[in-house]
Amino acid sequence: MRKLLLVASALVAFMCAAMATAYFDAFLLEPNWLKVERVTIVSPELAEAVGPLTVAQVSDLHFRGPSGFLERELSRALGRIAPDVLFYTGDLVSRLEALADFWAFARTVSPRIWSYAIPGDDDEALINDRWGDPGWRRAGVALLANRAVSLRWPGAGERGLGLIGAGADFPWGSLRESVPEGGAVIVLAHRPAEVKQAALAGAQIVFSGDTHGGQIGIPALHQFSGYARRGPYLAGLYRVKKTLLYVNRGTGWKARPLRFFCRPEITVFRFASAGEMKGLRVL
């Protein structure tokens with residue numbers, strides 16, 4: 001009997017320690033433990049249009065106030081990476097008053113050429129009357145709210161590039177009228193599901209966010225994550241028809257400040273005309 005009680009006590013102690021460790025990881029450690037993902041995109045069209053430039057992506061910041069620990073870590077990481085171009089793929093703020101805080105953050109991480117942002121769900125609801133505010137340009141950010149622009153970045157290839165900021169109401173039927181003829185097309189779309197329309201329109205790649213990587217990185221626990229149940233594109237690199245999709249895990253949180261085996265992410269991209277793409281999933 002005494003041995004049974006000792007075993008039971010040891011088991012309870014182990015379970016309590018495991019739960020305490022999991023709580024510490026999920027609510028304190030991982031939400032503030034930034035990871036830099038480096039991804040090579042193999043596409044002759046994009047390699048020609050982007051050239052040797054370094055592109056970084058940040059998503060789902062969900063600013064609620066001034067920069068905290070994670071945002072300062074993100075700023076320092078971007079300083080070390082020194083990207084040429086930076087993409088923000090939506091959900092920049094979770095409070096109307098935090099837009100100025102996002103602009104202040106953006107000024108600390110200015111890339112060599114420029115930053116481009118699209119609104120996410122929260123942004124569309126909170127700051128949709130601020131799309132034309134001069135604060136965006138002062139922060140070094142071009143906001144593409146259902147807009148297409150033609151670009152030729154300094155130091156890139158000679159081929160033209162179309163950059164699309166695609167929301168739910170983007171006119172996909174007129175896409176090719178808005179970009180250089182024969183040029184490569186990059187789409188920034190907060191919701192990964194927009195890849196279907198982008199693929200039909202012939203875009204080379206879509207950069208998105210929204211899912212937070214599920215916030216739980218263990219498939220057996222995805223039933224507890226509303227983010228993981230939003231669709232087949234959860235995190236990482238996919239191919240849909242001939243179009244590539246990268247889903248960024250984001251850095252912030254919306255419903256709960258929780259991450260478990262799903263660290264916040266900044267992604268750094270380089271483009272190549274040939275080679276192998278690691279972790280590519282074909283859907």
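**Entry 1: V149**

I started with V149, which counts as buried because its relative accessibility is 16%, and the cut-off for buried is under 20%. A reminder to myself before going on: this is a predicted model. V149 sits in strand β6, residues 147-151. I then looked up its partners, setting aside neighbours within four places in sequence, and found V149 in contact with L144, L161, G162 and L163. For L163 I also took the C-alpha distance to V149: 5.4 Å in space, with their positions 14 residues apart in sequence.

**Entry 2: helix α3**

Next I turned to α3. Does its length fit its residue count, and what span should I expect? I worked with 13 residues, 69-81, at 1.5 Å a residue, so the span should be 18 Å; the end C-alpha atoms are 18 Å apart, which agrees.

Then I asked which residues of α3 are buried. My list reads L70, E71, L74, S75, A77, L78 and I81. These buried residues lie on the same side of α3, because they cover an arc of only 165° around the axis. On the face turned away from that buried side I found the exposed residues G79 and R80.

I also wanted to know what covers the buried residues of α3. The cover includes the strands β1 (35-42), β2 (55-58), β3 (85-89) and β12 (265-272), along with α4 (99-108).

One more note here: just after α3, A82 takes a positive phi of about 50°. I wrote that down because most residues other than glycine have a negative phi.

**Entry 3: helix α4**

Since α4 helps to cover α3, I looked at α4 as well. Its buried residues include L99, D101, F102, W103, F105 and A106. Among the elements that cover them are α3, β3, α6 (135-138) and β5 (141-143).

**Entry 4: L86 in β3**

Strand β3 had come up in the cover of both helices, and I picked L86 from this strand. Is L86 buried or exposed? At 0% relative accessibility, L86 counts as buried. Not counting residues up to four places away in sequence, I listed its contacts as A56, Q57, V58, L78, V109, P111, W114, S115 and Y116. L78 is also one of the buried residues of α3. For W114 I noted a C-alpha separation of 6.7 Å from L86, although the two are 28 residues apart along the chain.

**Entry 5: two aspartates with positive phi**

I went back to the backbone angles and wrote down two aspartates. D60, in the loop between β2 and α3, has a positive phi of about 50° although it is not a glycine. D60 counts as buried, with 0% relative accessibility. D210, in the loop between β9 (205-208) and β10, has a positive phi of about 75°. D210 is buried too, with a relative accessible area of 8%.

**Entry 6: D122**

Another aspartate I checked was D122, in helix α5, residues 121-126. D122 counts as buried at 11% relative accessibility. Leaving out residues up to four places away in sequence, it touches H62, D91, V93, S94 and K254. I also took its C-alpha distance to L175, which is 25 Å, with the two 53 residues apart in sequence.

**Entry 7: the pockets**

Last, I looked at the open spaces. How much space lies in the largest pocket? I have it at about 280 Å³. Its lining is made of 20 residues, and L70, E71, T251, G252 and W253 lie nearest its centre. Helix α3 gives the most to this lining, with three residues. By class, I counted 10 nonpolar, seven polar and three charged residues there.

The second largest pocket holds about 220 Å³ of space. It is lined by 14 residues, and those closest to its centre are E37, R38, V39, Y246 and K278. Which strand supplies the largest share of this lining? I found that β1 does, with four residues. Both β1 and β10 (236-240) supply at least two residues each. Sorted by class, this lining divides into five nonpolar, three polar and six charged residues.

Note on methods: Residues are numbered from 1 along each chain as its sequence is written. This is a predicted model: local features need pLDDT of at least 70, side-chain atom pairs count only at pLDDT 80 or more; totals for chains, interfaces and linings use all residues. Side-chain values use heavy atoms; hydrogens and water are left out. The expected span of a helix is 1.5 Å times one less than its number of residues. Buried means under 20% relative accessible area, exposed over 50%, partly exposed in between (1.4 Å probe, protein chains only). The arc is that of the directions from the helix axis to the C-beta atoms. Contact means heavy atoms within 4.5 Å. On a 1 Å grid over the protein atoms alone, a cavity is a set of points where a 1.4 Å probe fits but cannot get out, and a pocket is an open set with protein on both sides within 12 Å along at least five of seven lines; lining residues have an atom within 4 Å of a point. Grid points are joined across faces, edges and corners, and a volume is the space filled by probe spheres set on the points. Ala, Val, Leu, Ile, Met, Phe, Trp, Tyr, Cys and Pro count as nonpolar, Asp, Glu, Lys and Arg as charged, and the others, Gly among them, as polar.
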